[in-house]
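Biologist: I would like a close look at a single part of this model, followed outward into the rest of the chain. Please keep the account plain, since a first-year student will read it.

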Amino acid sequence: MALDNLRDLYQQVILERYKKPRNRGKANPIDRYQKGHNPSCGDTIELTVQLNALGDRIEDVKFEGEGCAIALASADLMADALRGKTTAEALEMVQRFQSMMRGEAEFPQELRKLNVMQGVAQFPVRIKCANLSWHTLKAALESSEAAQPAAVSNE
Ligand code: ZN
């Protein structure tokens, strides 16, 4: 596929997810809660995570918040990709996403939707928008309870 077509496809997926997110709302019950803020753009998301009884697998991820199309589409795609993953796998995915945004990695075939965000890596000011939900997820998984900790900032 020509690069221009690929870029159009990426933009299309991002806009579609922004307009019709599939994972907006709150997980129920809420086992992890984390708010994240991206001051360079003004994006704010609140992530809620439902874990299994052992607390080592993600049952559900939902988000609420306000922000640009890239930040919200990224959160929506992330939530889809995380369902059913262990918390260890999720933390690996955070690293993988961040290296993808630096142009160093791609997601494997079964997670290829996440590669959509690669298109954003061409616009350095937008990388923080795409990273916000992943950065927030990491903080959520590394906290040990659903108590509301201070917002993390990816500045
Ligand atoms: Zn943004």
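Biologist: In which loop is Pro29 found?

Modeller: The model is predicted. Pro29 is found in the loop between α1 (3-19) and β1 (32-38). The peptide bond that joins Asn28 and Pro29 is cis, with omega at about 0°.

From this loop the next step is Gln50, a residue of strand β2. Gln50 touches both partners of the cis bond, Asn28 and Pro29, and also Ala27 and Asp31. Further contacts of Gln50 are Arg57, Ile58, Glu59 and Asp60; residues up to four places away in sequence are not counted. Gln50 counts as buried because its relative accessibility is 19%, and the cut-off for buried is under 20%.

Arg57 leads on to another loop. Thr86, in the loop between α2 and α3, touches Asp56 and Arg57, again without counting residues up to four places away in sequence. Thr86 has a relative accessible area of 19%, so Thr86 is buried.

Strand β2, where Gln50 is found, also takes part in the metal site. Strand β2 covers residues 43-51, and Asp43 lies in it. The zinc ion is coordinated by Cys41 (SG), by Asp43 through two entries marked OD, by Cys68 (SG) and by Cys129 (SG), at 2.2 to 2.6 Å. Along the chain, the donors follow the spacing C-x1-D-x24-C-x60-C. Asp43 and Cys68 link distant parts of the chain: they are 25 residues apart, and Cys68 is in the loop between β3 (58-66) and α2 (69-82). Are these two residues buried or exposed? Both Asp43 and Cys68 are buried.

Next comes the nonpolar core. The largest nonpolar core has 40 residues, and within it Met117 and Leu137 touch the most other members. At least two residues of this core come from each of α1, β2, β3, α2, α3 (87-101) and α4 (124-142). The largest share comes from α2, with 11 residues. Met117 touches Ile14, Ile70, Ala73, Ser74, Leu77, Phe97, Met100, Met101 and Ala130, not counting residues up to four places away in sequence.

Two of those contacts of Met117, Ile14 and Ile70, also line the largest pocket. About 170 Å³ of space lies in this pocket. Besides Ile14 and Ile70, the lining includes Arg7, Tyr10, Gln11, Leu15 and Ala69. Gly119, Val120, Phe123 and Arg126 are lining residues as well. Helices α1 and α2 each supply at least two residues of the lining, and α1 gives the most, with 5 residues. By type, the lining divides into 7 nonpolar, 2 polar and 2 charged residues.

One residue gives a contrast with the buried ones. Arg102 lies in the loop between α3 and α4. Its relative accessibility is 55%, so Arg102 counts as exposed; the cut-off for exposed is over 50%. Arg102 and Ala121 are 19 residues apart in sequence, and their C-alpha atoms are 7.1 Å apart in space.

To return to the starting point, Pro29 is joined to Asn28 by a cis peptide bond, and Gln50 of strand β2 touches both of them.

Definitions and conventions
Residues numbered from 1 in each chain as written. Predicted model: local features only at pLDDT ≥ 70, side-chain atom pairs only at ≥ 80, totals over all residues. Heavy atoms only, no water. Donors = N, O, S within 2.8 Å, 3.2 Å for Na, K, Ca; no water. Helix = DSSP H or I, 4+ residues; strand = E, 2+ residues; numbered from the N terminus. Buried < 20%, exposed > 50% of the residue type's maximum accessible area, 1.4 Å probe, protein only. 1 Å grid on protein atoms, 1.4 Å probe; cavity = no way out; pocket = protein on both sides within 12 Å on 5 of 7 lines; lining within 4 Å. Points joined across faces, edges and corners; volume = space filled by probe spheres on them. Nonpolar A, V, L, I, M, F, W, Y, C, P; charged D, E, K, R; others polar. Core = buried A, V, L, I, M, F, W, Y, C linked by side-chain atoms within 4.5 Å. Contact = heavy atoms within 4.5 Å.
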